[in-house]
Amino acid sequence: MDTGTRRVGGSPPTVQEAVTAGEAFLRAHLRTALRTARQIDQVFTDEVADRVAGLVRRGGKRLRTGFVWCGWQAAGGRGDLADVLRLGAALELLQACALVHDDVMDGSPVRRGAPAVHVDFARMHREDLTHGSPDAFGTGAAILAGDLALAWADDLFTEIALRSPRGVCLHREWRAMRTEMAAGQYRDIRAQALGSSDVTEAVTVATLKSAFYSVVRPLCLGAVLAGADESVLGALRSAGRCAGLAFQLSDDLLGTFGDPADTGKPSDDDLRARKLTYLLATASRLASASGDVQAGVVLAPGAEPRSDADIARMRSAMERTGARTAVRAEITELAAASVDHFASTGATTHTVREFEALVRRAAGGPASTAPGEAS
């Protein structure tokens, strides 16, 4: 793919072409980042930076590059396509930071089909080091690994913003996104600590923690690159919020009913910890409305950890109350609304179709996700 201002074959490239080119750029950038790290300290590079790079290389859906491209095209696709790829790479590095820290906070053992970073550090401590707690070492080292991923993301973004005539506007989007991520993560662990079953709270967490930085801000960053006006940005924010919520709701379903061989992570973590998801909140609401006392008891806050039998009963309750079906219907409605909002930007038919396919992939679950292609 040409990464300059010329478009492939005289027509707009596809999302998949942009994602493929973005992947190549990301891998090249990781090689550069590792060379720089080695100049600072070899041990740090071998034990920390290489783990961050490994997590990033293990994949994910790479949706964010696609949404940057869609926002850029919706605003006319003006400027250097290489900056679209750079922004996509910066967002993937930011995602790596979020995943590492999220796994520490949730105590998740697996990510993208391999041991989570804090778990791998704890294993290294047990095998190679001699003093202190392996778990404490794993937690501390993983926090530093996540911080490094964030630094790499900020460094790459700064390179883009400094040379862009729209750098101030780009920075406004980036700055807001980082604060939204932190707010969403805090609301997530707070809701869990409260034992909340509130649907509104679940939507707030999903919006702040996932919808904004997964879709809304990538769309707007791409559009700002192309010089979008406020009317286009407003439509993209609406489109992104709907698509982002559909994405998170789909992830909730995968986190409860998905096959770990496909998702690359356990399918019972959220249930075992009774995390407030929209799926759980909906099941609790439907159990109360229908008078299903047994489901209400199973889904209510209780003593942790929950047993395998408890997890099975929670899944059964989510099926019996109709929550799984209701959430699937909500995903379909959100995805359709997202495409309608996106079309209102005046984007070409080609771009709207590409966006629709990307939203379908984000919210489509296992059928549209290759093995190991977890978030």
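**Exercise 1. Place A239 in the fold and work out what surrounds it.**

Start with the element: A239 sits in helix 9. Keep in mind that the model you're looking at is a predicted one.

Next, check exposure. The relative accessible area of A239 is 0%, and buried means under 20%, so A239 counts as buried.

Now look for partners. Skipping residues up to four places away in sequence, A239 touches S338, H341, F342 and F355.

Finally, try a distance. A239 and L334 are 95 residues apart along the chain, yet their C-alpha atoms are separated by 9.0 Å.

**Exercise 2. Do the same for Q248.**

Q248 is also a helix 9 residue. Its relative accessible area comes out at 17%. With the cut-off for buried set at under 20%, Q248 is buried. Leaving out neighbours within four places in sequence, Q248 makes contact with A206 and S210.

**Exercise 3. Find the largest nonpolar core and say which residues touch the most other members.**

A bit of background: nonpolar side chains in soluble globular proteins tend to be buried together.

Step one, the size: the largest nonpolar core holds 79 residues. Step two, the best-connected members: F67, W152, W174, F342 and F355 touch the most others. Step three, the main contributor: helix 4, residues 81-106, supplies 13 residues, the most of any element.

Step four, zoom in on one member. Setting aside neighbours within four places in sequence, F67 is in contact with S214, V215, P218, L219, F355, L358, V359 and A362. Step five, look elsewhere: a separate core of 29 residues includes A191, A295, V298 and L334.

**Exercise 4. Walk along helix 4 from start to end.**

At the start, a side-chain oxygen of D80 comes to within 2.9 Å of the backbone nitrogen of A82.

Then take the length. Helix 4 has 26 residues and spans 37 Å from first C-alpha to last, close to the 38 Å expected at 1.5 Å a residue.

How much of helix 4 is covered? Most of it: 23 of the 26 residues are buried.

Last, step off the end. G107 follows helix 4, and its phi is positive, near 65°.

**Exercise 5. Describe the largest pocket and its lining.**

Begin with the volume, which is about 880 Å³. Then list what is closest to the centre: of the 42 lining residues, that's A98, D102, Q185, K209 and Y213.

Now sort the lining by element. Two or more residues each come from helix 4, strand 1 (110-111), helix 7 (167-194), helix 8 (199-225), helix 9 (230-257) and helix 11 (269-272). Helix 4 gives the largest share, with 10 residues.

**Exercise 6. Compare the settings of R112 and R274, using phi, place and exposure.**

First, the rule of thumb: most residues other than glycine have a negative phi.

Take R112. Its phi is positive, near 55°. R112 lies in the loop between strand 1 and strand 2 (114-115). Its relative accessible area is 6%, so R112 is buried.

Now R274. The phi here is positive too, near 50°. R274 belongs to the loop between helix 11 and helix 12 (278-290). With a relative accessible area of 3%, R274 is buried.

Technical notes: Residues numbered from 1 in each chain as written. Predicted model: local features only at pLDDT ≥ 70, side-chain atom pairs only at ≥ 80, totals over all residues. Heavy atoms only, no water. Core = buried A, V, L, I, M, F, W, Y, C linked by side-chain atoms within 4.5 Å. Buried < 20%, exposed > 50% of the residue type's maximum accessible area, 1.4 Å probe, protein only. Helix = DSSP H or I, 4+ residues; strand = E, 2+ residues; numbered from the N terminus. Contact = heavy atoms within 4.5 Å. Expected span 1.5 Å × (residues − 1). Polar contact = N/O pair within 3.5 Å; in protein donor to acceptor, adjacent residues only side chain to side chain. 1 Å grid on protein atoms, 1.4 Å probe; cavity = no way out; pocket = protein on both sides within 12 Å on 5 of 7 lines; lining within 4 Å. Points joined across faces, edges and corners; volume = space filled by probe spheres on them.
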